Amino acid sequence: MRKSLVFLTGFMGSGKSTIGPLLAQHLGYDFLDVDDLIEDIEGKKIVDIFREKGEIYFRNIERKILIETVLKLSRFVVALGGGTITFADNLYLVKESGILIYLMANPEVLLQRIKYKTDRPLLLDHQGNILPEKLLFERILSLLKMREPFYLQADILVSTEKSIEETIDEILNKLEGKIA
Ligand SMILES: Nc1ncnc2c1ncn2[C@@H]1O[C@H](COP(=O)(O)OP(=O)(O)OP(=O)(O)O)[C@@H](O)[C@H]1O
Ligand SMILES: O=C(O)C1=C[C@@H](O)[C@@H](O)[C@H](O)C1
Ligand SMILES: [Mg+2]
């Protein structure tokens, strides 16, 4: 059966928020970024949610929003959070409802894309400062190692180590015949 929900997964900096709206435009779908929705609903930045309430609180909210709102949508491209599919049975729920696309990039490329990001709590030290480059790279490697077994279960894998336009073209080709 053809589906009408397209999910983007991948590490922080892989391009979910960048590719998502453009892909939606090409498909004639709407776009939703789960991170933005969480911030709207909670009235706080993700970094503040993590600092004040911790990661487990965040993961529970993320899962609740996924189940109660996101999975009920139709004709949407959805940028998931970088860790969404690694928690509870979110991966199973997402794959059951739509087509899951893994946006890939090597750790060296991810490092260059995210080394100045101060809005992602998992990349900061206990004082809320961005980690020194060497520690940041080690954090990327260890998180990727834990997450790849989840990411690799996506229906479609696409390298983002090319231009944004080429990445979108490849996704459109791979989606052909799979969505309504
Ligand atoms: N082919 C490509 N596809 C996507 N993004 C690319 C590509 N090439 C370079 N970029 C750049 O990589 C960055 C991706 O950042 P983006 O915020 O979209 O990632 P994200 O996956 O949403 O991360 P997060 O999980 O932190 O929200 C952007 O600065 C974008 O311009
Ligand atoms: O990779 C992650 O676990 C995260 C990525 C972001 O999209 C946010 O969902 C949050 O910062 C956690
Ligand atoms: Mg994003």
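The paragraphs below go through a predicted model, from its nonpolar core to its two ligands and then to its annotated residues.

The largest nonpolar core has 28 residues, and those that touch the most other members are Val6, Phe7, Leu8, Val78, Leu80, Ile101 and Leu103. Two or more residues of this core come from each of strand 1 (5–9), strand 3 (76–79), strand 4 (99–104), helix 1, helix 2 (34–42) and helix 5 (90–97). Strand 4 is the largest contributor, giving 6 residues. Leu80 can serve as an entry point to this region. Apart from neighbours within four places in sequence, Leu80 is in contact with Phe7, Leu8, Thr9, Lys16, Val34 and Ile85.

Lys16 leads on to ligand 1. This ligand has 19 residues around it, and Lys16 is among the nearest, together with Met12, Gly15, Ser17 and Thr18. Helix 1 (16–27) and helix 8 each supply at least two residues of the shell, and helix 1 gives the most, with 4 residues. By class, the shell around ligand 1 consists of 10 polar, 5 charged and 4 nonpolar residues.

Helix 8 spans residues 164–175, 12 residues in total, and reaches 16 Å from its first C-alpha to its last, close to the 16 Å expected at 1.5 Å a residue. After helix 8 comes Gly177, with a positive phi near 80°.

Ligand 2 is surrounded by Met12, Asp35, Ile46, Gly81, Gly82, Gly83, Arg120, Pro121 and Leu122. This shell divides into 4 nonpolar, 3 polar and 2 charged residues. Met12 is thus listed both here and among the residues that come nearest to ligand 1.

The annotation from UniProt is the next point of reference. In an unreviewed entry, UniProt gives "binding site" for Asp35, Arg59, Gly82 and Arg147. Of these, Asp35 and Gly82 appear in the shell of ligand 2.

Gly82 lies in the loop between strand 3 and helix 5. Gly82 is buried because 21 other C-beta atoms lie within 10 Å, where 20 or more are required. Leaving out neighbours within four places in sequence, its contacts are Gly10, Phe11 and Met12.

Arg147 is located in helix 7 (residues 133–151). Arg147 has 17 C-beta neighbours inside 10 Å, so it counts as partly exposed. With neighbours within four places in sequence again set aside, Arg147 is in contact with Phe11 and Thr86. Phe11 therefore links the two descriptions, being in contact with Gly82 as well as with Arg147.

Methods. Residues numbered from 1 in each chain as written. Chains lettered and ligands numbered in written order. Predicted model: local features only at pLDDT ≥ 70, side-chain atom pairs only at ≥ 80, totals over all residues. Expected span 1.5 Å × (residues − 1). Near = placed C-beta within 6 Å. Nonpolar A, V, L, I, M, F, W, Y, C, P; charged D, E, K, R; others polar. Core = buried A, V, L, I, M, F, W, Y, C linked by C-beta atoms within 7 Å. Buried ≥ 20, exposed ≤ 12 C-beta atoms within 10 Å, placed from the backbone. Contact = placed C-beta atoms within 7 Å. UniProt positions renumbered as here; feature names shortened; annotations may be inferred.
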